Amino acid sequence: MNILLTGGAGYIGSHAALSLLDKGHNVHIIDNLSTGDPKLIPEKALFTKCAISDEKTISNIIQSAKYDALMHFAGFIQVEESVKNPDKYFENNTENAIKLYNICKKNGLNKIIFSSTAAAYGSVTDNKLIDENTNLKPQNPYAESKIKTEKFLFENQDDFKFIILRY
């Protein structure tokens with residue numbers, strides 16, 4: 001399989017890339033390195049430094065190879081920063097993700113795995129298990145930005161086949 005993976009210079013994205021490569025898949029990582037560490041990018045992966053909203057570059061990448069799926073791990077993750085600067089989080093984590101998804105759709109890539117967050121559920125004080133039917137109660141802009149991105153996918157489910165990870 002050929003996988004296009006955003007955020008491959010981050011902790012989760014780099015580990016996902018390593019696992020995919022170990023299983024024999026081809027991985028092309030997109031990361032602007034604004035928060036990631038280039039040392040985390042696996043040597044066997046292709047790498048392009050660009051923003052997830054860079055339509056020209058991403059379109060060229062998608063057109064250069066047949067990708068089976070987009071794994072979207074890029075995003076800002078600092079809760080305290082999101083409270084101080086919510087617009088930064090809504091622009092990057094929501095608006096730019098939606099731009100990315102639309103670029104993919106325009107170029108025939110409609111399978112998406114989206115890295116969201118368990119913070120979507122807010123603080124859970126009882127010991128009940130949390131599942132996808134648990135009510136969402138985001139308590140910060142970071143979590144809200146992820147939920148808004150999820151909402152876009154659900155509202156456009158005729159255009160995309162997707163999986164949302166809330167870990």
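Helices and strands here are DSSP runs, numbered from the N terminus, with at least four residues for a helix and at least two for a strand. With that in hand, read this predicted model along its sequence: the pattern is β-α-β-β-α-β-α-α-β-α-β, made of five helices and six strands.

**Start with the whole chain.** Show the C-alpha atoms, which fill a box of roughly 45 × 35 × 30 Å along the principal axes. The radius of gyration is 16 Å, which agrees with the value near 15 Å for a compact globule of 167 residues. Colour by accessibility next, and 42% of the 167 residues count as buried. Among contacts with a separation of 6 or more, 65% join residues 24 or more positions apart.

**Now select helices α2 and α4.** Pick residues 55-64 for α2 and 86-106 for α4; their axes come within 10 Å and cross at roughly 40°. That angle falls outside the roughly parallel range, under 35 degrees, and the two helices are therefore oblique to each other. The crossing of α2 past α4 is right-handed. Show side chains to see who makes the contact: E55, I58, S59 and I62 from α2, with L100, I103, C104 and K106 from α4. This set divides into five nonpolar residues, one polar and two charged.

**Finish at H72.** Select strand β4, residues 69-72, where you will find H72. Is H72 buried or exposed? Its relative accessible area is 1%, so H72 is buried. Leaving aside residues up to four places away in sequence, H72 touches T6, I52, A97, L100, Y101, I113, F114 and S115. You have already met L100, in the contact of α2 with α4.

Conventions: Residues are numbered from 1 along each chain as its sequence is written. This is a predicted model: local features need pLDDT of at least 70, side-chain atom pairs count only at pLDDT 80 or more; totals for chains, interfaces and linings use all residues. Side-chain values use heavy atoms; hydrogens and water are left out. Buried means under 20% relative accessible area, exposed over 50%, partly exposed in between (1.4 Å probe, protein chains only). Contact means heavy atoms within 4.5 Å. Axes are lines fitted to C-alpha atoms, for helices over the stretch in contact, and angles run from 0 to 180 degrees between N-to-C directions. Angles under 35 degrees count as roughly parallel, over 145 as roughly antiparallel, 65 to 115 as roughly perpendicular and the rest as oblique. A crossing is left-handed if the near helix is turned anticlockwise from the far one by less than a right angle, and right-handed if clockwise. Ala, Val, Leu, Ile, Met, Phe, Trp, Tyr, Cys and Pro count as nonpolar, Asp, Glu, Lys and Arg as charged, and the others, Gly among them, as polar. The radius of gyration is taken over C-alpha atoms; the globule rule is 2.2 Å times the number of residues to the power 0.38.
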